[in-house]
Amino acid sequence: APINFNDLMVPWGIYLWKPELPATIGNEGAGIVLAVGDGVTAVKPGDRVVLPPTVKSFQQRLLVPAEQLVIVPGDADPKQASMLAINPVTAALLLSEYVDLKHGDAISFNSATSGLSQWLITLSKKKGLKTIGLVRRAEDVEIVKSRGCDHVIVDDEDIAVAKERLQGLNVRLALDVLGGPAAGRLLQTLSPKGKLVVYGAVTLKPMELSAGVLIGGELTVEGFFEHSEKMIPKINSTLRQVAGMIGGPDAILQPIAATYPIERIKEAVAHAVQGKKIILDIGGAVPR
């Protein structure tokens, strides 16, 4: 199971869900089916599956309705499978649910080095969209370009100068996960009547959006929450669509900084809060 920022927001008291202790957290993960109930045919013992968002993943064994499980390709990396339920699904829904994007349109997004951004880039290419990624460090520019991003802007670059490179692009959708001044810079990349969708607040700072840019461009701002009433019915079908993309020679791979056993959870969390993608190897369940 990965340690996600929204996992940590629960014990920090920031997240909307504030459970009574003792409680289990973990918003996504993958495991191996050990046994099935009578009449179950959708999965069988030994299948590697992605857990549904209805269960908490930081535990060794779970009892899950079989119809909620998604089988991943046999050659898929189990660590990559553990990260399927949030980043890939979020990326797919961000691209499909807010703007009717056409071939040749462009999208922009910040935190372009993230695993979710890797999915945005890949899924956008499949749709024929151009991508604009914002990064915080100049040394990340070539990394993001090597992942297929068409245009990369450094946060401290003069946004007016950077926009000159974007002339001719119809930037209809911008995706913000950071908040603070980064959201304001991202807003300025939008073409007239574009939409800014906010799906996170990693900096924990209020968004700094220019009223002049919003009004002058007739722009709109909307929030995304994967577990909203609107999105929940679409999660499982979207997850099945992306599950087949993590196997084979063209598999989409999210970057992973390190893997820790559950016994070193404190070290793992300390590493994760640095903005790195960390995987917990929980173990304790061997197929029989």
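W12 is a good place to start in this predicted model: its relative accessibility is 41%, so it counts as partly exposed. Its partner F5 has a relative accessible area of 29%, and F5 too is partly exposed. The rings of F5 and W12 form an aromatic pair with an edge-to-face arrangement, their centres 5.7 Å apart and their planes at 75°.

How many aromatic pairs does a search of the whole structure find? There are two. Besides F5 and W12, you can look for Y98 and F224, whose ring centres lie 6.3 Å apart. Their planes meet at 65°, and because an angle over 60 degrees counts as edge-to-face, this pair is edge-to-face as well.

Now follow the chain to see where these two rings come from. Y98 sits in the loop between α3 and β5, while F224 belongs to the loop between β10 and α9, so their pairing ties together parts that are 126 residues apart in sequence. Are Y98 and F224 buried or exposed? Both are buried. Y98 has another neighbour to find: K230 lies over the face of its ring, at 5.1 Å from the ring centre.

From here, turn to helix α7, which spans residues 180-187. This helix is mostly covered, with six of its eight residues buried. Those buried residues are G180, A182, A183, G184, L186 and L187. What do they pack against? Their partners are the strands β5, β6, β8 and β9, together with helix α8. If you trace β5 at residues 106-109 and α8 at 211-216, you will have found two of the elements that the buried residues of α7 pack against.

Notes: Residues numbered from 1 in each chain as written. Predicted model: local features only at pLDDT ≥ 70, side-chain atom pairs only at ≥ 80, totals over all residues. Heavy atoms only, no water. Buried < 20%, exposed > 50% of the residue type's maximum accessible area, 1.4 Å probe, protein only. Helix = DSSP H or I, 4+ residues; strand = E, 2+ residues; numbered from the N terminus. Contact = heavy atoms within 4.5 Å. Phe/Tyr/Trp six-rings, centres within 6.5 Å; stacked < 30°, edge-to-face > 60°. Lys NZ or Arg CZ within 6 Å of the ring centre and 35° of its normal.
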